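Me: I've got this model open and I'd like a close look at one part of it, the annotated binding site. Could you walk me through that spot and then tie it to what surrounds it?

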Amino acid sequence: MPFPVTTQGSQQTQPPQKHYGITSPISLAAPKETDCILTQKLIETLKPFGVFEEEEELQRRILILGKLNNLVKEWIREISESKNLPQSVIENVGGKIFTFGSYRLGVHTKGADIDALCVAPRHVDRSDFFTSFYDKLKLQEEVKDLRAVEEAFVPVIKLCFDGIEIDILFARLALQTIPEDLDLRDDSLLKNLDIRCIRSLNGCRVTDEILHLVPNIDNFRLTLRAIKLWAKRHNIYSNILGFLGGVSWAMLVARTCQLYPNAIASTLVHKFFLVFSKWEWPNPVLLKQPEECNLNLPVWDPRVNPSDRYHLMPIITPAYPQQNSTYNVSVSTRMVMVEEFKQGLAITDEILLSKAEWSKLFEAPNFFQKYKHYIVLLASAPTEKQRLEWVGLVESKIRILVGSLEKNEFITLAHVNPQSFPAPKENPDKEEFRTMWVIGLVFKKTENSENLSVDLTYDIQSFTDTVYRQAINSKMFEVDMKIAAMHVKRKQLHQLLPNHVLQKKKKHSTEGVKLTALNDSSLDLSMDSDNSMSVPSPTSAMKTSPLNSSGSSQGRNSPAPAVTAASVTNIQATEVSTPQVNSSESSGGTSSESIPQTATQPAISPPPKPTVSRVVSSIRLVNPPPRPSGNVTTKIPNPIVGVKRTSSPHKEESPKKTKTEEDETSEDANCLALSGHDKTETKEQLDTETSTTQSETIQTAASLLASQKTSSTDLSDIPALPANPIPVIKNSIKLRLNR
């Protein structure tokens, strides 16, 4: 892969360099020979992971997009004729396919899908797109798996065109014709547009702006390929689960390129970790000064919108209307990412000093050796089609559970693994499709206490209630769609998970992007998706015995939807292996530069910084009541910092503040403001014992909604549940912590 390197002489003899970003650069230093050598080594290290596509495959994509573009032009001409437009207009009516996302940025991996946008003139309606254009696609022999999702937050047609998966959005502009040289970055195009068209245009506008805001596109692309691979290998690539998606990673890399405009990829990767391991969140990352277009569209602005002040890690899109691409980030996910930034800095320090190779940066840490305690979530459905829908819904709500666990006063960290796994069948003779997620837990150090009880019942129940409510109201729910939750300790994970994911030292895969389970199910780690890793399809049951639990009932014969919470007795927590989430910043010989935090504050005053506040009072002694009142122990006026909840709150306790993001480019418009303490993790030896409370049956879904009214306001705009009785079995997960 050719790599341009520009050498520079004395700054006095150079003409003024174009200024990128909202601050002056940190360094204008030109690359040295050692940087070029390290960059070439980086490229060689990346190749086995499949992040570069062969030229032949790239040409095939271009050919497919050309065919699709011709189909769009042909379809728009037909629509124009049917609506009796003048012949002179029909001849020049135009229409065009634009791309965005990883393909447009030039960082797509082998086999990745393509995000596309169909732009049509004003006389072509959205209904035409989902009827006549859909029918036209159906007639193409290269098109397979065609499906329209018209009711989505951003409506889309999905298809597979000659083996390449493509998602096509639609935007109708207020223009009579669509010229070939149309620049979608022009803000005037947004005037008088339907909100769905504005959302559809947003992806292209953001991608194009990013490419116009970096000093050197080739350096940006190679750096972004490396950072995206690193994020996927370290399980922090998932917008939907509260980490960062592809656009957010691209904006962080673009900001790094602005601060070091002459640096090449090897230096930029190191500087990326340097800048963002020291970044003072929640100061926002901005690529350009926000501009007001007077179109009255909602934009991210904490001075105006109180909900924006609750965002913990704001990364602001550069195109109008500016939005925060990371509103799903929670206290725990930010903690995990910042710690990964610090570890990345330490490794790249070693690489620059020739003490390590690039391969060390891309070694995948073993999530299942990192924590002592885990929550395992299982979603099951009777058919594969239902499983795909059910898994999508459950996964989109897992961040609510993480946010709820964070607020438990005895939990320091709740770390969800973005990968999902095929789960063992409950009944080998029954047709059932099961998927599972794993959440690592770190418990807070207990002080001045002999015995503590940590009750996770409320946290689990409010999550499952939310999922069932949405499934019922969206008419997606089917009998035998279930969610199960269980507490598992590290040494018992082997009974649930495939063997290859539990190895203490993972072998470096030459393919790098695909791990194949023993049961032939696969987990594709290379998918370019802003949401998550791909969901595996458990085509065959794993011959693994279910979790051995003594003295507890998993409620497996209970009516659907059964919310089961298995309990494991005699859990020993004396071997807690915890990450140092707030360790001192990594230092290296090249890490002494100061990061200009003012770079992120153009005209926006910063939201108040969180204050660390310890909750050490109101700790319950042994033999607590099963559902204690949720008295809040500490009142903290700072809006960024949430108040810790003492295990199960009373149903009348006022809920946490929620935020509504109606105009975010996500199918999930309403989401919780995930707030909580910035906590310092401590190591502690605990003896834990799990106790199970008697199952409690809630007779109807309506009474479930009433009793859990404050459990989640994620769906505050959803009406009351239908009257048909849906019994729900409610179990408890309680841990007793002993000093």
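Reply: Here is the site, followed by its surroundings and then the rest of the chain.

Keep in mind that this is a predicted model. UniProt, in an unreviewed entry, puts the feature "binding site" at Asp113, Asp115 and Asp167. Those positions are spread over 55 residues of sequence, yet they cluster in space, with a largest C-alpha distance of 7.7 Å. A "binding site" annotation in the unreviewed entry also covers Asp113 and Asp115.

Take the aspartates in turn. Asp113 sits in the loop between α4 (101–105) and β2 (114–120). Is Asp113 buried or exposed? Asp113 is buried, because its relative accessible area is 13% and the cut-off for buried is under 20%. Asp115 is in strand β2 itself. Which residues does Asp115 touch, once those up to four places away in sequence are set aside? The list is Phe98, Thr99, Phe100, Gly101 and Asp167, so one of the contacts of Asp115 is another aspartate named in the UniProt feature.

Asp167 also leads on to a neighbour worth a look, Ile157. This isoleucine is found in strand β4 (residues 156–161) and counts as buried, at 0% relative accessibility. Leaving out neighbours within four places in sequence, Ile157 is in contact with Ile166, Asp167 and Ile168, and also with Phe129, Phe130, Phe133, Tyr134, Leu137, Leu146, Arg147 and Ala148. With Arg147, the separation is ten residues in sequence and 5.9 Å in space, C-alpha to C-alpha.

Now for the nonpolar packing. The largest nonpolar core has 121 residues, and Phe220, Trp230, Trp249 and Trp390 are the ones that touch the most other members. Helix α10 (residues 331–352) gives the most to this core, nine residues. Apart from it lies another core, of 30 residues, including Ile64, Trp75, Ile114 and Ile168. That second core brings us back to the site: Ile168 is among its members and is also one of the contacts of Ile157.

Over in the largest core, you can follow Trp390 outwards. Beyond its neighbours within four places in sequence, Trp390 is in contact with Ala379 and Ser380, then with Val467, Tyr468 and Ala471, and also with Met476, Met481, Lys482 and Ile483.

Trp230 and Trp249 turn up again when you look at the rings. Ring pairs link them into a cluster with Phe272, Phe273, Phe276, Trp279, Trp281 and Phe341. Across the whole structure, a search finds 27 aromatic pairs. Among them is Phe368 with Tyr374: the ring centres are 6.4 Å apart and the planes are at 40°, so the pair is tilted. Phe368 counts as buried at 3% relative accessibility, and Tyr374 counts as buried at 0%.

Rings also meet charges here. The charged end of Arg199 sits over the ring of Phe153, 3.8 Å from its centre. Lys232 lies over the face of Tyr237, at 4.8 Å from the ring centre.

One loop residue makes a useful contrast with the buried positions above. Pro215 lies in the loop between α6 (195–212) and α7 (217–233) and, at 24% relative accessibility, counts as partly exposed. Setting aside residues up to four places away in sequence, Pro215 touches Tyr20, Cys257, Gln258 and Pro261. The C-alpha atoms of Pro215 and Asn262 are separated by 7.7 Å, although the two residues are 47 apart along the chain.

Finally, step back to the whole chain. It has 14 helices and 21 strands, and buried residues make up 60% of its 739 residues. How many of the contacts between residues at least 6 apart in sequence join residues at least 24 apart? The figure is 78%. The chain exposes about 29,500 Å², with carbon and sulfur atoms supplying 49% of it.

So, back at your site: the UniProt feature names Asp113, Asp115 and Asp167, with Asp113 in a loop, Asp115 in strand β2, and Asp167 in contact with both Asp115 and Ile157.

Conventions. Residues numbered from 1 in each chain as written. Predicted model: local features only at pLDDT ≥ 70, side-chain atom pairs only at ≥ 80, totals over all residues. Heavy atoms only, no water. UniProt positions renumbered as here; feature names shortened; annotations may be inferred. Helix = DSSP H or I, 4+ residues; strand = E, 2+ residues; numbered from the N terminus. Buried < 20%, exposed > 50% of the residue type's maximum accessible area, 1.4 Å probe, protein only. Contact = heavy atoms within 4.5 Å. Core = buried A, V, L, I, M, F, W, Y, C linked by side-chain atoms within 4.5 Å. Areas by Shrake-Rupley, 256 points an atom, 1.4 Å probe, with all protein chains shown as cover. Phe/Tyr/Trp six-rings, centres within 6.5 Å; stacked < 30°, edge-to-face > 60°. Lys NZ or Arg CZ within 6 Å of the ring centre and 35° of its normal.
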